[in-house]
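User: Please walk me through this structure in questions and answers, with the cut-offs behind each term.

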Amino acid sequence: MIFCMAMSPARSSEKSFRQQAVEFAALLGGEKSVLVGSHKSPDGDALCSLLAAARILTILSSRPVCVVDGQIPERFNFLPGADQIRSLAQLTSWNFDAVLTVDCGSLSRLGALADRIGSEPLLVNIDHHPDNSLFGRLNIIFPEASSTAELLYDIILALNVPLDVDLATILYTGLMTDTGGFRYSNTSSTAFAMAARLVQAGADPAILAQAIYSNNSLHGIKLLGEAAHSLDLSAGGRVASMTVQQPEASEELEEITDFALTIKGVRALALFRLAGNTVRCSLRARGSHDVARIARKYGGGGHQKAAGFTWDGSLEEIRIRVLADLREEVEEQLENIPAAEKILPTPPFKRGE
Ligand code: 5GP
Ligand code: MN
């Protein structure tokens, strides 16, 4: 069967994207040993981008080694090649010709891997975070892409890499997870076109949705209970906050974080996770609110609607500060809610409430 495969409209017309894809192949292909890394505590897009990139490099006759700092959430173990992703401890020697990072906005997001990678001269950086610090020799950065998986899909099309069932499964999972199961505002027509091609190539949407979203542990559901119990609304019901005691990042945390955004009227939220002496803060927003700039204020970063940071101080202090920042964010934007968003429920809200 022959599939008609179209690259994203934004990138198919962009000569520079094709040039970048060709440069990617020239720098990393041709029998090189390539370390492929992504951000600490990897999420679906990070893992799927690692695995997709490794397959492209193998097709280009190179030898990829995928490495991440942190545990791979169990629910991703089914992904073809997941068993070949190494932890830092498993990396006994460092003998690479080049390094590729995927879905990673800055070197520091690589965690302990950053100390080893920082000095690599041949570094390629593929990402969709708008605050990417362009730390590579080649930087393929498209913030309008739904996911880094989407960028790898476009590289596959540009380089005519064959799309088999395994690659389709990997890319579909990356796309699905970074669009929150095709619900977030990055769920563009491009994302759906890509999903359609991947399903044609053998990705199974129902099975993959179940593997990711209906695979919770009892511990995860109890953590959801703890988060729900701690829920607190402020700013007239527009800001939610939750706190959980959980030293380790848990794979269910992502869903737990998003869950408070389903409360009618909530436009922004913070989830605080107490992990030893540090506090991990996850921020989420809906509509046009921007939580990335709040995360940046505290040394973190991320996307407009999903951002985070780590705080080495007291929970109470950071809670007060972040809730004040979120309140200001929802107050400031009050008069400017775009017409399309007016269908979302917004409770009456008086300034200074
Ligand atoms: P989460 O709340 O799931 O940990 O993070 C949401 C998003 O925020 C991530 O996808 C990532 O883009 C960004 N993010 C989270 N923590 C940090 C951080 O400490 N630094 C930076 N630069 N970005 C972060
Ligand atoms: Mn991503």
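The turns below go from the overall form to the sheet, the cores and the ligand.

Analyst: This is a predicted model, in which local features need pLDDT of at least 70 and side-chain atom pairs count only at pLDDT 80 or more, while totals for chains, interfaces and linings use all residues. Residues are numbered from 1 along each chain as its sequence is written, and chains are lettered from A and ligands numbered from 1 in the order in which they are written.

User: Which radius of gyration does the protein have, and why does it agree with a compact globule?
Analyst: The radius is taken over C-alpha atoms, and the globule rule is 2.2 Å times the number of residues to the power 0.38. With 353 residues a compact globule would come near 20 Å, so the value for the protein agrees with the rule, at 20 Å.

User: In which order do the 6 strands of the open sheet stand?
Analyst: Strands (E, at least two residues) and helices (H or I, at least four) are DSSP runs numbered from the N terminus, and two strands pair if DSSP finds at least two bridges between them. Strand β1 (residues 33-37), for instance, is joined to β4 (residues 98-102) by 4 bridges, with Val34 opposite Ala98. β3 (86-87) and β6 (138-141) each have a single partner strand, so they stand at the edges. The pairing is parallel, and the order is β3-β2-β1-β4-β5-β6.

User: Which helix gives the largest share of the largest nonpolar core?
Analyst: A nonpolar core is a set of buried Ala, Val, Leu, Ile, Met, Phe, Trp, Tyr and Cys residues joined through C-beta atoms within 7 Å; a residue is buried if 20 or more other C-beta atoms, placed from the backbone, lie within 10 Å of its own. The largest such core has 59 residues, and Leu50, Ala52 and Leu152 are among those with the most contacts inside it. The largest share, 10 residues, comes from helix α3 (residues 44-59).

User: Which residues does Leu152 touch?
Analyst: Contact here means C-beta atoms, placed from the backbone, within 7 Å. Not counting residues up to four places away in sequence, the partners of Leu152 are Ser49, Ala52, Ala53, Ile56, Ile126 and Leu171.

User: Which element supplies the largest share of the shell around ligand 1?
Analyst: A residue counts as near the ligand if its C-beta atom, placed from the backbone, lies within 6 Å of it. The ligand is surrounded by 16 residues, with Ser282 and Gly300 among the closest. α10 (253-259), β11 (301-302) and β12 (306-311) each supply at least two residues, and the largest share, 5 residues, comes from β12.

Terms used: A residue is buried if 20 or more other C-beta atoms lie within 10 Å of its own, exposed if 12 or fewer, and partly exposed in between; C-beta atoms are placed from the backbone. Two residues are in contact if their C-beta atoms, placed from the backbone, lie within 7 Å.
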